[in-house]
Each structure stands twice: as structure tokens, then as C-alpha cells.
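Biologist: I'm new to this structure and would like a close look at a single loop, taken slowly, and then a tour of what else is there. Pick one with something odd in its backbone.

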Amino acid sequence: MTDLSAVKAALKAQEIETPSWGYGNSGTRFKVFAQEGVPRDPFEKLEDAAQVHAATGVAPRVSLHIPWDTVDDYAALAAFAADRGLVLGAVNSNTFQDDDYRLGSVAHPDPKVRRKAVDHLLRCVDIMDATGSRDLKLWFADGTNYPGQDDISGRQDRLAEALDEVYARLGEDQRMVLEYKLFEPAFYTTDVPDWGTSYAHCLRLGPKAKVVVDTGHHAPGTNIEFIVAFLLREDKLGAFDFNSRFYADDDLMAGAADPFQLFRILHEVVRNGGFAPERGVAFMLDQCHNIEAKIPAVIRSVMNVQEATAKALLVDSAALAAAQQAGDVLGANAVLMDAYNTDVRPLLREVREEQGLNPDPVAGYAASGWQQRIVAERVGGAQAGWGA
Ligand SMILES: [Mn+2]
């Protein structure tokens, strides 16, 4: 039997980090659709993030993206966040939006471009010093489009050299988390295409380097929960970027496309102690809301992660271990499916009521009047979005 009070305590202690860019305008390479009331600057993004935290109680952390969230005074941004009950989370670097990066950034053949990219990453660590952020999130768009375009091993050498320099700059309590992605924007080779490549670089770098698992960055059919179990076992899982996908890097709401997969991933997190604060795993969303209302979409995503977490916490681990030990294939599978098939929404409503929250976060947000307020007040100026 599962201890319900322990499950509730774990759900109340959960922290899900939301991305600043999820509040701004976004789209596909075909069209960015503007929405009314969208933030014009990083401060307004934090105001929206505070609404998500107010509605859910588990989203106090916000990831930044540099240069999209560039401000004059990062300590002031952190203070602005703190005034709203928020904490600034991972600093996401961007070495993919300048013309200089046509052939890559840290793995570019030209040392001048590599210098520029590394300087940007070092600048991000300076920003972390000011914001108190722990993690520098690295995702490189680097790769090649055509066989023979560049030297695959040479690019790994350049990547390693850049990572070494940034790693050496990290403070005592800072980390770098290295994300991988199978393809896109490069279509032939990608310099960090999979968890193994990220893991190998992180292992070489040392304990302050960990792997980021972005759930949308794998080949179709990849067993992501195996990767999670393996990385946790090796103490190399630094963070999740949750989102969901039907085809490639769709960046849809976490848990929307395949809630069973999200449950299987979170089961491995629970099984391997990944929620313990000392494991240092960051649970972040990395997604864009192109056609749906942004704040409610972030709230829905947080709820989807909570629901999958609740189901994972409800797995009867003693019964599961006994069935596994006995070689009871069907019994073991049934234990897992019993948890997955549990309707945890009443439990989560109860948890929220105990936290003094509206048991229905979507309804709570709708009743707050925030959406009408930002549509009325955020008039004029340039809306935040990709590249802004
Ligand atoms: Mn990501």
C-alpha cells in the first residue's frame, strides 16, 4: 500500500520551472502569430509566470533566455522575481541567431566565431552570478547539412575546447547542463545529437556538468525512460526540458501527446530517487504556445506534469519489486498500469485545497481577471518573441 500522506507531501514539494519564452510570441518557421496581452519585456514575462505559480503553487522558478531576456540590471530582475514569490532558474544560452553562426558556433571552423560564442557563454555565467541562477543551459544548433561539409571529429575537438573553458569559469555552486537534439537545424550531422554524446562530454568535464533530457529531442520510438534511469543511476541527469511531440521537436504542452510516456519517465524518476533535492534534477518546461492561450497552456502543462507525477508516486513499489523478483511478468505490468490508470485529479484537488489554492488552476486563473487586465494594459511597445 502506498502512503497517501507521503504522496501528498511529495506533490506539494514539487517544483516545475517555466520558460520565459513560453509567455512570449512564438510560431513555426512559417508564421509567428501575435496574441493580445503578450509581455513586452522580461519583467512582464515574470508577472505572467507569477500567475502560473499563484494558480498551481508548484511553479516558482522561471528559466531565462539570453539575449531574449536581456536587461540592464539582472540583480534588479531577480529582486523583481523575488517580490512575486519567484526565483530565477536556468540561464539558457543562445548561439544560433546571429549571421556569424551559419556554420555553427562553438564548433565553427573559424576561431573568431568560436571566440564570440564562448564569450557569450561566459557572459551568461556572469548573468548567473547576478541572478543567483545555478544552471547554465547549453543547446548548440551546431552541425552540418552535407557529407564532407566539415570534419566530424574536428568539430568534437572544438566543442570540447569550448566546454572546457566555460566549465572552468563556473562558480562553486554553478553547473552546466548540456542538452542534445537528434537533428534540426542541422540535417546531416549534429554535434550533440544524443544523450551518449552529451554524457561523454559531461563525464570528461566533471561533476558540475550534467545532461539535459528534452523529451522532444529524440528519434520517434526512443525509450526515453531508459535514458532517464541510466543517467540517474550515473548521477548525470541535470534537468528535464518537458514538452510533447507527435513528429519531431513539436514543443507542444507536456503530457499532451503521450501522457503514458510522461508517466513512464516520472516512474523512473521516482524509482531512482530523482525528486530528492540533493540529486539536483531541474524539472523544466521548454515549449511554445503558438496557437493556444499562453498562460493557461503553461498552467495546463504544469498540471499534466503533476498528474503524471502523482501516478508515478502511487506505484506500489513493494508489490512491483515482489512481482519482478518472482518473474511475474503480467503481475509487475499490472502494478504499474494500476497506478497509471488511477484518476489522480481528486487527489490533486485535495492537495491544492490543503495549500489554500483553487482546486481547479485553470478556473482559478480565468477568475483572476489577469488575462483581461493584460489585454487592456499591454498596449503599444514591441511584444516579446523569438529574437526579441
Ligand atoms: Mn530544450
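Modeller: One cut-off first: a residue is exposed if 12 or fewer other C-beta atoms lie within 10 Å of its own, and buried if there are 20 or more. Keep in mind, too, that this is a predicted model.

The spot I'd pick is glutamate 184, in the loop between β8 and β9. Glutamate 184 has 12 C-beta neighbours inside 10 Å, so it counts as exposed. Its backbone is where things get odd. Phi of glutamate 184 is near 85°, a positive value in a residue other than glycine. On top of that, the peptide bond joining glutamate 184 to proline 185 is cis, with omega about 10°. Why call that odd? Most residues other than glycine have a negative phi, and most peptide bonds are trans. Proline 185 sits in that loop as well, between β8 (175-179) and β9 (189-190).

Each of those two oddities turns up elsewhere in the chain. For the cis bond, go to isoleucine 66 and proline 67, which are joined by a cis peptide bond with omega of about 20°. Proline 67 is again a loop residue, placed between β4 (61-65) and α3 (74-83). For the positive phi, look at aspartate 251, where phi is near 55° and the residue is again something other than glycine. Aspartate 251 lies in the loop between β11 (237-242) and α8 (259-271). Is aspartate 251 buried or exposed? There are 23 other C-beta atoms within 10 Å of aspartate 251, so it is buried, whereas glutamate 184 counts as exposed.

Another loop residue to look at is aspartate 142, found between β6 (135-138) and β7 (143-144). With 26 other C-beta atoms within 10 Å, aspartate 142 is buried. What does aspartate 142 touch, leaving out residues up to four places away in sequence? Its partners are Gly104, Ser105, Val106, Ala107, Arg155, Ala186 and Asp191. Take valine 106 from that set: it is 36 residues from aspartate 142 in sequence, yet the two C-alpha atoms are 7.6 Å apart in space.

Now step back to the whole protein. Its inventory is 14 helices and 12 strands. The radius of gyration is 21 Å, close to the 21 Å the globule rule gives for 388 residues, so the protein is as compact as a globular protein of that length. Along the principal axes, the C-alpha atoms fill a box of roughly 60 × 60 × 40 Å. Buried residues make up 45% of the 388. Among contacts with a separation of 6 or more, 78% are between residues 24 or more positions apart. The pairing of aspartate 142 with valine 106, at 36 residues, gives you a feel for that kind of separation.

Helices make long-range links of this kind too. Helix α1 (residues 4-13) packs on helix α9 (residues 294-313), with the axes 10 Å apart and an angle of about 150°. That angle makes α1 roughly antiparallel to α9, and their crossing is right-handed. On the α1 side, the contact uses Val7, Ala10 and Leu11; on the α9 side, Gln306, Thr309, Ala310 and Leu313. By class, that contact holds 5 nonpolar and 2 polar residues, and no charged ones.

Glutamine 306 of α9 deserves a second glance. It has 26 other C-beta atoms within 10 Å, so it is buried. Beyond residues up to four places away in sequence, glutamine 306 touches Leu11, Gln14, Val58 and Leu348. Valine 58 is 248 residues away along the chain, while the C-alpha atoms of the two are separated by 8.9 Å.

One last helix pair: α10 (residues 317-325) and α11 (residues 329-340) have axes that come within 8 Å and cross at roughly 160°. These two are therefore also roughly antiparallel to each other, but here the crossing is left-handed. Ala319, Leu320, Ala323 and Gln324 of α10 meet Gly331, Ala332, Val335 and Leu336 of α11. That contact has 6 nonpolar residues, 2 polar and no charged ones.

If you go back to the loop now, start at the cis bond between glutamate 184 and proline 185.

Technical notes: Residues are numbered from 1 along each chain as its sequence is written. This is a predicted model: local features need pLDDT of at least 70, side-chain atom pairs count only at pLDDT 80 or more; totals for chains, interfaces and linings use all residues. Helices (H or I, at least four residues) and strands (E, at least two) are DSSP runs, numbered from the N terminus. The radius of gyration is taken over C-alpha atoms; the globule rule is 2.2 Å times the number of residues to the power 0.38. Two residues are in contact if their C-beta atoms, placed from the backbone, lie within 7 Å. Axes are lines fitted to C-alpha atoms, for helices over the stretch in contact, and angles run from 0 to 180 degrees between N-to-C directions. Angles under 35 degrees count as roughly parallel, over 145 as roughly antiparallel, 65 to 115 as roughly perpendicular and the rest as oblique. A crossing is left-handed if the near helix is turned anticlockwise from the far one by less than a right angle, and right-handed if clockwise. Ala, Val, Leu, Ile, Met, Phe, Trp, Tyr, Cys and Pro count as nonpolar, Asp, Glu, Lys and Arg as charged, and the others, Gly among them, as polar.
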